[in-house]
Amino acid sequence: MTISITRAQQDQWQQTGYLKLPGFLTPDETRNLQEWVEEISEWPASDDQWMHHFEQTPAGIRLARTEYLLDFHTGIHTLLTSGKIPEYAGSLMGEPAVLYKEKINYKYPGGGGYAPHQDAPAYEFIHNHITCSIAIDAATPENGCLFFAPDLHRQGLLHLDEHGCIEPEFALTLNWEPVPMQPGDALFFSSYAPHKSPPNKTEQPRRTLYLTYNALAEGDRREEYYADKRRSLAEIGQTSAEKLQISKIGHFNGKPVERS
C-alpha cells in the first residue's frame with residue numbers, strides 16, 4: 001500500500017499539528033474494530049498481561065482505559081502494525097514508523113475528562129513521535145471529544161505544572177477548537193500539540209483507540225515503555241490510594257480506582 005498525502009493535508013498538518021481524516025477506516029473495518037473493542041472490554045483484570053484501568057462514575061466502577069493489548073488480539077495486532085495506519089504515521093513523520101504504545105479510552109457516561117496537556121512529557125524514550133486516534137463511537141463536545149489549541153506544536157513543551165500538564169492559567173489563554181469525529185474517522189496529531197477533553201455528559205460512551213508511533217530509527221521501544229510504566233504506576237499506587245493514576249502524567253480528571 002502506498003500512502004499519498006495531499007498538499008492541503010500536509011499544509012494543515014504543518015500549520016496546526018493535527019490532521020483529521022474522515023472515513024479513514026472502511027465501514028467493514030469500523031464494524032470489526034467496534035466488535036474487537038467490545039471483546040476487549042470483557043477481558044478480566046490482569047496483573048501481567050493487558051492493563052485495565054478503572055474509574056468511579058455515577059453509575060459505579062467502569063473501565064477508563066485498556067492498554068498493552070497488541071499481543072492478545074490478532075485483529076488489533078494486524079490493524080496497528082501493518083497497512084495504512086503505521087504507513088500514514090510514517091508519511092507524516094517523514095520516515096518509517098513503529099508502534100510505541102496503544103490504548104482504548106472508553107469514557108463511559110460520567111467518565112472523566114483530561115486536563116490540557118501535551119503527550120510528549122510521558123514519552124521519555126523517544127523524540128520523534130505521532131499519535132493516531134480512531135473514533136469507535138461518535139465523539140462530540142458533549143461526550144468528550146478532543147479539543148486542540150492549534151499552531152503551538154512547534155514551540156516545544158509549554159508551561160508545564162508539577163503534574164506534567166499545561167499550567168491552568170496559561171491554558172485559559174489558548175484558543176481551543178473541538179474536533180468532533182464519527183466512527184471510523186482518524187485524527188493524527190503531534191505529541192507536542194496541546195489538547196484536552198471534557199467529561200462525558202451524555203448517556204452514550206465515547207470510546208476511542210489511541211495509537212502512538214515513533215520513528216523506527218529510534219528503535220522498537222514499546223516493551224521498554226510498558227515495563228517502565230508498570231513500575232511507575234505501581235510506585236505511585238503504593239504511596240496512597242488517592243494518588244492512583246492511569247498515566248505517567250497527571251492529566252486524567254476522573255477518579256481512578258482499583259480494579260473491580
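The following exchange goes through the packing of a predicted model.

Student: Which helix supplies the largest share of the largest nonpolar core?

Tutor: The largest nonpolar core has 38 residues, and those with the most contacts inside it include L33, L80, I134 and F188. Among the elements that each supply at least two residues of this core are the helices α2 (27–41), α3 (74–81) and α4 (84–93), together with strands such as β6 (129–135) and β11 (208–215). The largest share, 5 residues, comes from α4.

Student: How do the buried residues of α2 lie around the axis of the helix, and within what arc?

Tutor: The buried residues of α2 are T30, L33, W36, V37, I40 and S41, and they pack against β2 (51–57), β3 (60–67), α3, β4, β6 and β11. Leaving aside neighbours within four places in sequence, L33 is in contact with L25, I76, L79, I134, I136 and L209. Seen down the axis of α2, the buried residues line one face of the helix, because they fall within an arc of 130 degrees.

Student: Is R222 buried or exposed, and what is its relative accessible area?

Tutor: R222 lies in helix α6 (residues 222–239) and, not counting residues up to four places away in sequence, touches Y68, L69, L70, D71, L99, Y100 and E102. Since buried means under 20% relative accessible area, R222 counts as buried, with a value of 5%.

Student: Which residue has a side chain joined to that of R222 by a polar contact of 2.7 Å?

Tutor: Among the residues that R222 touches are D71, Y100 and E102. The polar contact of 2.7 Å joins the side chain of R222 to that of E102.

Key. Residues are numbered from 1 along each chain as its sequence is written. This is a predicted model: local features need pLDDT of at least 70, side-chain atom pairs count only at pLDDT 80 or more; totals for chains, interfaces and linings use all residues. Side-chain values use heavy atoms; hydrogens and water are left out. A nonpolar core is a set of buried Ala, Val, Leu, Ile, Met, Phe, Trp, Tyr and Cys residues joined through side-chain atoms within 4.5 Å. Buried means under 20% relative accessible area, exposed over 50%, partly exposed in between (1.4 Å probe, protein chains only). Helices (H or I, at least four residues) and strands (E, at least two) are DSSP runs, numbered from the N terminus. Contact means heavy atoms within 4.5 Å. A polar contact is a pair of N or O atoms within 3.5 Å; within protein, one must be able to donate a hydrogen and the other to accept it, and residues adjacent in sequence count only if both atoms are side-chain atoms. The arc is that of the directions from the helix axis to the C-beta atoms.
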